[in-house]
Amino acid sequence: MTPQRTLIMSAFVTSAVTALLLGLLPASAAPSSSMAATFTPKLAYVSCPADEELPPRTKCARLTVPLDWQTPNDGRTIRIAMRITTPEGSDERLGLTWNPGGPGGEAIGLHGFFHSLLTPELRDRFEVVTWNPRGVGQSEPFLSDCKPVSVVPPATGPVDWDGYWEQVAVIEGAATAACFAANPQGAPYLGTWQVVRDMDAMRSALGYPRWNFWGISYGTRIGNAYARTFPGKLRTLIEDASIMANESVARFGSETPAGYYATLQVYASIVGKRQAYKVGVIDTYLQDSEINTGAVVLDRWGFTNIVNDFARKQSNYPILKAVIDELFDYVVAAGAGAVQATMRTGRLSEEPDLPDLDLDPDDLTPEPDKDDVVADPDSDAFIVKFVTCADMADRPTAADLAQMSRQAEQSYGTSYGYVVMRAGLCFGLPSGYSPPVPSGNASLTLRNPPLFLLSTGDAATPWVWGRSLANTFAKSRTVTYNSTTHGVIAAPSLCVFGAVERYLLDLELPRTDVFCPYVPTSTE
């Protein structure tokens, strides 16, 4: 693979892996129904790093917790990195904490960003607490000696999905198994079952009777699990870009292609309906041909990734539209009738006189999303696998993924067959190395029902996922924003943030579910 191709593919290839791990788990990793004894968390304040830009009145801290909450007094401990900003002149003890997503999303570096999004009224009322979940960034345990590998389907032509996923299971599975085996005091203890207990220990150490929690993307799994484990310890719960109820690894991947397709349709409804047609033409052309932009070679997998990665932030819409328009013009310039011929066969009858493309790698690679900031790309790239597969016990096979890919290909096109990759995260990992988190659809009643923030065209966590989880919380309310943004936390919508502010300040939910119209950002 060329360096240019690697640049495009590395932006979106999520590794999946195989089964080489039996006998590698420490005995203490076996799930138990209860903790052996209580543990008193230890909070220590430390000097903040000089290179961090932090709001005034911010303290840095480390919280010492057990490595394994199943055996909390066996002497093994880890430290969780924290940032705490106190309001000016307020004696009220209200703690607002959050998680930006992942698993593996680094929150500490976004502490100032999150604080800046809050209105003055919220900043004056709440202590804002940011922390990296265990294993992420400055929080222990640290992973090491891990080398990610990626197997990519053929750039053009038909795909043998059975053969492809079998190859992924062997090659990527070996890398995941090796990383897991190299980190016996870390990898088995990263699951959300452990994380929510860290979060409650943090609440206790800080002296809050109850948390206010804002979860985004994977953070909504933390919020859901915390609510079902410690239902009396929440004052408010905001679930933003939510996971689905009764989540499983298989459903996590198999339902993603529909989300990607919905993203394209919602994006086109906002930017211009012809954008959907142009994407279809480009995608069909790429089934049998690659596009050489002069700086990169773009294939169908890279193009599908570009559309969905850029669409996750609505501030990227102008860039995405320019890329789609230019690539479409390139295909049209392939010659008279080339678009129609490509739509029929994917082949050009003769070498066309093509225009130069001004696109370069920077045009085609969005800035890292807040879910994707990691401290050690080699080893931390495996956190998403270890957490996801700790949380959910099912293990789809290579044959299962092949069937998912064929179904996606039949429904939406060949390029969608690859986006079921999230169902392959657990290749190489056994079941049962960590207690799973609550993920069913049983109804739960909280003292103050939660507020769900959803986007109509979110590819990473489709609207229906959040709707399904909201249905499991009695008297919950949803606020749906008409956009493809993944996480509406920064949406420029008073409709959205007004509901958030009333909920956090006054415990007031909308009387009914709310639909908020699209609002352009300042860059559009």
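Buried, on this tour, means under 20% relative accessible area, exposed means over 50%, and partly exposed is anything in between, with a 1.4 Å probe and protein chains only. You're looking at a predicted model, so local features need pLDDT of at least 70, side-chain atom pairs count only at pLDDT 80 or more, and totals for chains, interfaces and linings use all residues. Residues are numbered from 1 along each chain as its sequence is written, and side-chain values use heavy atoms, with hydrogens and water left out.

**The whole chain**

Start with everything in cartoon. The protein chain has 18 helices and twelve strands; these are DSSP runs numbered from the N terminus (helices H or I, at least four residues; strands E, at least two). Of its 524 residues, 58% count as buried. Contact means heavy atoms within 4.5 Å. Among contacts between residues at least 6 apart in sequence, 80% join residues at least 24 apart.

**Strand β6**

Now select 211-216, which is strand β6. Six of its six residues are buried, so the strand is largely enclosed by the rest of the structure. Turn on side chains and check both faces: Trp-211, Phe-213 and Gly-215 sit on one side, Asn-212, Trp-214 and Ile-216 on the other, and all are buried.

Add the neighbours next. Two strands pair if DSSP finds at least two bridges between them. Strand β4 (95-99) runs parallel to β6, joined by five bridges, and you'll find Leu-96 opposite Asn-212. Strand β7 (234-240) also pairs with β6 in the parallel sense, over six bridges; here Trp-214 stands opposite Ile-238.

Bring in helix α6 (218-229) as well: β6, α6 and β7 make a right-handed β-α-β unit. Right-handed means that, with the strands pointing away from the viewer, the path from the first strand over the helix to the second runs clockwise.

**Strand β5**

Go back to β4 and look for β5 (127-131), joined to β4 by three bridges and running parallel. Leu-96 turns up again, this time opposite Val-128. β5 also pairs with strand β3 (77-85), in the antiparallel sense over four bridges, with Arg-83 opposite Thr-130. Five of the five residues of β5 are buried: Glu-127, Val-129 and Trp-131 point one way, Val-128 and Thr-130 the other.

**Thr-119**

Pick Thr-119, in the loop between α2 (111-117) and α3 (120-123). Is Thr-119 buried or exposed? Its relative accessible area is 18%, so Thr-119 counts as buried. Leaving out residues up to four places away in sequence, Thr-119 touches Phe-497 and Glu-501.

**Two cavities**

Rolling a probe the size of a water molecule over the atoms shows where empty space is left. A cavity here is a set of points, on a 1 Å grid over the protein atoms alone, where a 1.4 Å probe fits but cannot get out; lining residues have an atom within 4 Å of a point. Grid points are joined across faces, edges and corners, and a volume is the space filled by probe spheres set on the points.

The structure holds two cavities of 30 Å³ or more. For the largest, with about 50 Å³ of space, select Pro-103, Gly-104, Pro-133, Arg-134, Val-136, Leu-190, Val-195, Tyr-218, Ile-383 and Val-387. To class them, Ala, Val, Leu, Ile, Met, Phe, Trp, Tyr, Cys and Pro count as nonpolar, Asp, Glu, Lys and Arg as charged, and the others, Gly among them, as polar. That lining divides into eight nonpolar, one polar and one charged.

The second largest cavity has about 30 Å³. Its lining includes Arg-221, Asn-224, Met-392 and Pro-438, and by class has four nonpolar, two polar and three charged residues.

**Pro-438 and Ala-245**

Stay on Pro-438, in the loop between α16 (398-412) and β10 (451-455). At 33% relative accessibility, Pro-438 is partly exposed. Not counting residues up to four places away in sequence, Pro-438 touches Asn-224, Ala-225, Arg-228 and Thr-229. Draw a distance to Met-392: the two lie 46 residues apart along the chain, and their C-alpha atoms are separated by 9.3 Å.

Finish at Ala-245, in the loop between β7 and α7 (249-254). Ala-245 is buried, at 6% relative accessible area. Outside the residues up to four places away in sequence, its contacts include Ser-439, Gly-440 and Trp-465. Ala-245 and Trp-465 are 220 residues apart in sequence, yet 6.9 Å apart in space, C-alpha to C-alpha.

Key. 1 Å grid on protein atoms, 1.4 Å probe; cavity = no way out; pocket = protein on both sides within 12 Å on 5 of 7 lines; lining within 4 Å.
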